[in-house]
Amino acid sequence: MTIIPDITIFIQFLNFLIVLWFLNKFLFKPVLGALKKREDTIQTLAQRVEKAKQGARDFERQYDEVTRDKKKPIIESKDTALSEANTGATKLIEKARQELTAELSKIKGEIETEGKKVYETLRADVDRLSGDVAAKILRRSL
């Protein structure tokens with residue numbers, strides 16, 4: 001028994017190759033092309049997003065530098081003003097201290113003068129009163 005190859009197998013094989021060629025030409029290549037195009041679009045968008053992020057970081061860095069540079073003279077002027085105010089306050093306090101010392105010395109002098117006057121007045125009164133008391137005790141004028 002010999003087996004004679006049937007020609008339908010070759011025809012089916014040829015049909016399979018033709019269907020494979022049509023699927024490749026009209027289905028697989030357009031789908032793969034669309035997928036490739038989509039991947040390229042996504043890649044481009046990802047690159048644009050990364051560039052935008054880098055631009056935002058650069059802008060933030062520049063903003064920080066500019067604000068730091070603009071704050072620097074303000075802070076320096078504030079420090080200078082505080083230093084001048086502190087110096088002025090110190091001078092004012094020292095002047096007030098000197099004035100108070102002078103005023104205190106003047107008041108002490110006035111108190112000593114008043115004390116001497118009171119002492120002299122009391123001494124005169126004591127002398128007069130002691131004479132009066134002695135005259136009353138002795139019952140005669142001295």
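How many helices and how many strands does the chain have? Load the predicted model, colour by secondary structure, and count along: there is one helix, and there are zero strands. With the whole chain in view, the radius of gyration is 58 Å, well over the 14 Å that the globule rule gives for 142 residues, so the chain is more spread out than a compact globule.

**Stop 1: the whole chain**

Switch to a C-alpha trace and turn the chain along its principal axes. The trace spans about 190 × 40 × 20 Å in those directions. Now show the surface: about 13,600 Å² of the chain is accessible, with carbon and sulfur atoms accounting for 63% of that area. How much of the chain is made up of buried residues? The share is 1% of the 142 residues.

While everything is still displayed, colour by charge. The chain carries 27 positive and 22 negative charges, and the mean positions of these two sets are 4 Å apart.

**Stop 2: a nonpolar patch**

Next, select V19, L23, L27, F28, V31, L32 and L35. Together these residues form a nonpolar patch on the surface, and their combined accessible area is about 610 Å². Centre on L32, which is found in helix α1. Is L32 buried or exposed? L32 is exposed, since its relative accessible area is 56%, and the cut-off for that class is over 50%.

**Stop 3: L45, and a look back to L20**

Move along to L45, another residue placed in helix α1. L45 has 44% relative accessibility, so it counts as partly exposed. Then add L20 to the selection and draw a distance between the two C-alpha atoms: L45 and L20 are 35 Å apart in space, with their positions 25 residues apart in sequence.

**Stop 4: salt bridges**

Show side chains now, for the structure holds seven salt bridges. Here are some to visit.

- Select E50 and R57. Their side chains meet in a salt bridge, with 3.5 Å from N to O. E50 is partly exposed at a relative accessible area of 42%, and R57 is also partly exposed, at 41%.
- Select R61 and E65. These two form a salt bridge in which the closest N and O atoms are 3.5 Å apart. Why are they separated by about one helical turn? R61 and E65 are four residues apart in helix α1, which is why about one turn lies between them. R61 is partly exposed at 43% relative accessibility, and E65 is partly exposed at 34%.
- Select R128 and D125. This pair makes a salt bridge too, and its closest N and O atoms are 3.8 Å apart. Both residues lie in helix α1, three residues apart, which is about one turn of the helix. R128 counts as partly exposed at 48% relative accessibility, and D125 is partly exposed with a relative accessible area of 30%.

Before leaving the salt bridges, go back to R61 and E65 and add D58 to the selection. Salt bridges with shared partners join D58, R61 and E65 into one network.

**Stop 5: a patch of negative charge**

Which residues gather in a patch of negative charge on the surface? Select E99, E103, E110 and E114 to see them together. Pick E99 from the group to place the patch: E99 lies in helix α1, which covers residues 7-138. Its side of the story on exposure is simple, as E99 is partly exposed with a relative accessible area of 47%.

**Stop 6: A135, and a long reach to S77**

Finish at A135, which is found in helix α1. Is A135 buried or exposed? A135 is buried, because its relative accessible area is 19% and the cut-off for buried is under 20%. Now add S77 and draw one last line between C-alpha atoms. A135 and S77 are 58 residues apart in sequence, and the line between them in space comes to 84 Å.

To close, zoom out until the full trace of about 190 × 40 × 20 Å fits the window again. Keep L32, L45 and A135 highlighted as you do: L32 is exposed, L45 is partly exposed, and A135 is buried.

Key
Residues are numbered from 1 along each chain as its sequence is written. This is a predicted model: local features need pLDDT of at least 70, side-chain atom pairs count only at pLDDT 80 or more; totals for chains, interfaces and linings use all residues. Side-chain values use heavy atoms; hydrogens and water are left out. Helices (H or I, at least four residues) and strands (E, at least two) are DSSP runs, numbered from the N terminus. The radius of gyration is taken over C-alpha atoms; the globule rule is 2.2 Å times the number of residues to the power 0.38. Buried means under 20% relative accessible area, exposed over 50%, partly exposed in between (1.4 Å probe, protein chains only). Accessible areas come from the Shrake-Rupley method with a 1.4 Å probe; for residues, only the protein chains shown count as cover. Lys and Arg count as positive and Asp and Glu as negative; His and the chain ends are not counted. The place of a charge is taken as NZ of Lys, CZ of Arg, CG of Asp or CD of Glu. Patches are made of residues with over 30% relative accessible area and no salt bridge: like charges are joined within 9 Å, nonpolar side chains (Val, Leu, Ile, Met, Phe, Trp, Tyr) within 5 Å. A salt bridge is a side-chain nitrogen of Lys or Arg within 4 Å of a carboxyl oxygen of Asp or Glu.
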